[in-house]
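Open the model in your viewer and keep the selection panel at hand. The stops follow one after another.

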Amino acid sequence: MIEMRNVDKWYGSFQALKDVSLTVLPGEKIVLCGPSGSGKSTLIRCINHLETIQKGEIVVAGHRLSDSQKVVDAVRREVGMVFQQFNLFPHKTVLENCILAPMRVRKLSRADAEATARRYLERVRIGNQAEKYPAQLSGGQQQRVAIARALCMEPKAMLFDEPTSALDPEMVKEVLDTMVSLARDGMTMICVTHEMGFARQVADRVIFMSDGEIIEENDPERFFSNPTHARTRAFLGEILAHR
Amino acid sequence: MTLDFSVVTNAWQALAWGVVGTMLLAVFGMALAMVIGVGGVAVLRAQRRIPTLLVTAFVEVIRNTPFLVQIYFIFFALPFAGIRLNPTITAILALGLNGGAYAIEIIRGGVESIPKGQTEAGLALGLHRGEVFRMIVLKPALKAIYPSLSSQFILLTLTTAICTSISAYELTSVGQRIEAETFRSFEVYFTLTGIYLVISLLTMWALAAIGRRAFAYPDR
Amino acid sequence: MGTLEFTYLLEGLRWTLVLTAVGFAGGIAFGLLVALMRVSKSPWLRIPAIGWIGLFQGTPLLMQLFVVYFGLPLFGFDVPAWAAVAFALTAHASAYLGEIWRGAIQAVPRGQTEAAEALGLPSRSRMVDILLPQAFKLSLPATVGFLVQLLKGTSLAAIVGFIELTRAGVIVANQIYQPLVVFGIVGVMYFLMCWPLSLYGRHLERRMAAGISK
Ligand SMILES: Nc1ncnc2c1ncn2[C@@H]1O[C@H](COP(=O)(O)OP(=O)(O)OP(=O)(O)O)[C@@H](O)[C@H]1O
Ligand SMILES: [Mg+2]
């Protein structure tokens with residue numbers, strides 16, 4: 001479904017990704033963790049071409065990424081993204097947020113787009129807020145709308161970049177529950193998150209990054225109980241100490 | 001000293017048409033300014049060297065020369081380019097170019113005030129850059145700069161008075177005609193000043209009301 | 001265009017500078033008065049200042065020039081044309097600068113007033129020693145920006161017939177039938193005066209923004 005081969009990414013003279021290779025099968029759930037600045041966001045932003053790479057290749061749903069607008073369009077149609085800061089459009093209602101891209105990109109009629117939108121809003125349990133503006137919702141509600149908005153494009157895979165770290169603690173659970181249920185339905189997911197409970201519950205693999213490199217990857221059971229690298233152990237120690 | 005305001009009260013119809021002329025100049029000038037402003041910002045955002053240089057030069061030249069010189073220049077330049085426009089159209093062109101230079105600065109500030117995440121979210125949903133600008137960035141940016149744009153519109157309205165220098169049809173040129181017939185300069189211009197003041201105050205009030213409606217969505 | 005015409009333009013340019021200088025100097029003096037009245041606690045001072053500012057910001061500079069130019073003689077002041085224009089520009093500048101400085105005075109953090117009060121400084125000293133120096137610094141970019149506006153504004157004196165740079169340009173253009181060349185040169189002259197000021201204003205603004213974020 002998603003394949004990265006020997007990817008190098010530079011910001012000017014700073015190398016943010018070093019020889020990263022990663023294969024994600026359809027339906028797989030990957031949790032990506034690592035210290036701040038280790039390149040997690042960079043990695044997933046390369047997948048939908050928000051960042052460009054300098055070496056290696058990335059293939060998404062059969063499309064080999066390049067600068068060609070057609071390829072980029074195709075990839076972005078297949079991949080949804082959820083951001084740390086929600087990034088809902090403030091001047092559009094919840095419903096309008098959800099139908100914009102389906103109408104513009106997928107060329108759905110308004111009626112079809114709305115029907116889809118209402119279905120997904122219902123799914124993230126926010127169906128009764130469709131006419132409100134983002135600013136009138138809590139952080140947790142906004143993030144669930146953002147998830148629904150991405151789902152409205154009927155993507156084959158979803159990328160999450162720390163979807164719960166801008167939320168007040170009491171709202172984290174409602175967003176995680178939504179993500180868990182999405183995982184249960186078989187969505188292919190790559191999640192940057194430090195929610196280890198979530199990782200244990202749904203991840204097929206947990207990947208640990210540090211300084212732009214993938215250091216360790218394993219199934220959650222072994223990853224947490226028996227990390228092989230010193231850096232992973234140190235990182236896990238810090239995360240757990242904060243709990 | 002005797003003041004005789006009957007010369008103006010007698011000409012109230014001509015003055016009323018003058019007000020209409022002034023408002024039309026202001027509205028069309030501002031519309032053109034907005035087109036130039038949005039276009040200029042789009043050019044600047046594309047970050048190509050030569051177009052960026054041209055837009056920057058345009059902004060600097062307009063902002064650092066008097067409107068009166070600009071309107072004279074355009075008025076005399078157009079015929080050389082083989083274009084014959086009546087003074088009123090020329091005035092709209094001059095007002096639009098002048099206002100456009102200020103609009104570019106204002107709109108750019110507004111666009112820069114929109115978080116990058118908004119653009120990224122749009123791109124991630126598969127929208128193209130142009131669509132992202134039009135459908136996602138533009139309205140919140142306009143909301144952010146609406147107060148500055150409103151002041152700019154008032155300023156532009158007041159600037160229309162200068163268009164009398166090329167005899168465009170507006171309030172001041174109507175006033176000058178009355179003055180030429182009656183020699184009651186002070187009475188005429190004193191009255192015009194009052195009319196302009198009323199226009200500014202009403203415009204300010206109307207723009208605030210429009211703004212409350214057009215950008216009714218809550219911010220945070 | 002020959003040297004004769006060019007000298008004529010320079011002659012006009014000199015008057016443009018004189019008008020700008022007089023208007024700006026007068027504007028500084030009266031603008032300070034307007035600003036102080038505008039921030040005063042007494043409505044007897046504040047409301048006239050609000051009206052003064054609104055009057056000049058709500059009407060065209062050209063009308064202000066006309067009213068003063070034709071009004072002064074009516075009220076028995078027989079002054080030369082340049083003085084009438086300078087007088088109008090002064091009044092105009094006092095309103096705009098007054099409003100700029102009002103904003104600056106009110107932008108000085110409240111804590112400064114409170115600290116000065118806590119020290120027992122009399123209100124005069126609070127204003128002169130504490131608020132005005134800080135407000136002056138804050139207002140500098142906008143003040144320079146207004147100077148550019150005023151310099152460009154002096155061109156309107158041409159419409160009442162006073163021979164400054166723009167009027168000189170009109171006269172020369174009519175004589176030699178080369179309006180584009182003449183207005184091009186006149187435009188360049190204005191640009192050479194205004195642009196450095198604009199750059200300086202922007203430089204001040206950037207330095208201040210950097211200072212605040214520090
Ligand atoms: N646009 C950019 N220009 C220059 N450097 C950048 C840019 N974006 C990221 N970086 C650098 O690349 C490195 C990786 O950044 P990235 O955002 O991927 O880290 P991260 O693992 O997501 O960290 P965090 O947990 O803080 O979100 C960091 O050192 C960062 O400073
Ligand atoms: Mg990150």
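Select α8(B) and α3(C): their crossing is left-handed. To pick them by number, take residues 171-182 of chain B for α8 and residues 61-74 of chain C for α3. This is a predicted model. Now fit the axes. They come within 12 Å and cross at roughly 20°. Angles under 35 degrees count as roughly parallel, so α8(B) is roughly parallel to α3(C). Two numbers describe such a packed pair in general: the angle between the axes and the distance between them.

Next, go to ligand 1. Which residues are around ligand 1? Select A:Tyr11, A:Phe14, A:Ala16 and A:Glu162, then add A:Pro35, A:Ser36, A:Gly37, A:Ser38, A:Gly39, A:Lys40, A:Ser41 and A:Thr42. Colour this shell by residue class. Four residues are nonpolar, six are polar and two are charged.

Colour by secondary structure instead. In chain A, β2 (14-24) and α1 (40-47) each supply at least two shell residues. Which element gives the most to the shell around ligand 1? That is α1(A), with three residues.

Now show distances from the oxygen atoms of ligand 1. Start with the backbone. A polar backbone atom of A:Gly39 is 3.0 Å from a ligand oxygen. For A:Ser38, a polar backbone atom is 3.2 Å from an oxygen of ligand 1. Then turn to a side chain: a polar atom of A:Glu162 lies 3.1 Å from a ligand oxygen. Finish with a surface on ligand 1. Taken alone, ligand 1 exposes 630 Å². The protein buries 60% of that area.

Note on methods:
Residues are numbered from 1 along each chain as its sequence is written. Chains are lettered from A and ligands numbered from 1 in the order in which they are written. This is a predicted model: local features need pLDDT of at least 70, side-chain atom pairs count only at pLDDT 80 or more; totals for chains, interfaces and linings use all residues. Side-chain values use heavy atoms; hydrogens and water are left out. A residue is near a molecule or strand if one of its heavy atoms lies within 4 Å of it. A polar contact is a pair of N or O atoms within 3.5 Å; within protein, one must be able to donate a hydrogen and the other to accept it, and residues adjacent in sequence count only if both atoms are side-chain atoms. Accessible areas come from the Shrake-Rupley method with a 1.4 Å probe; for residues, only the protein chains shown count as cover. Helices (H or I, at least four residues) and strands (E, at least two) are DSSP runs, numbered from the N terminus. Ala, Val, Leu, Ile, Met, Phe, Trp, Tyr, Cys and Pro count as nonpolar, Asp, Glu, Lys and Arg as charged, and the others, Gly among them, as polar. Axes are lines fitted to C-alpha atoms, for helices over the stretch in contact, and angles run from 0 to 180 degrees between N-to-C directions. Angles under 35 degrees count as roughly parallel, over 145 as roughly antiparallel, 65 to 115 as roughly perpendicular and the rest as oblique. A crossing is left-handed if the near helix is turned anticlockwise from the far one by less than a right angle, and right-handed if clockwise.
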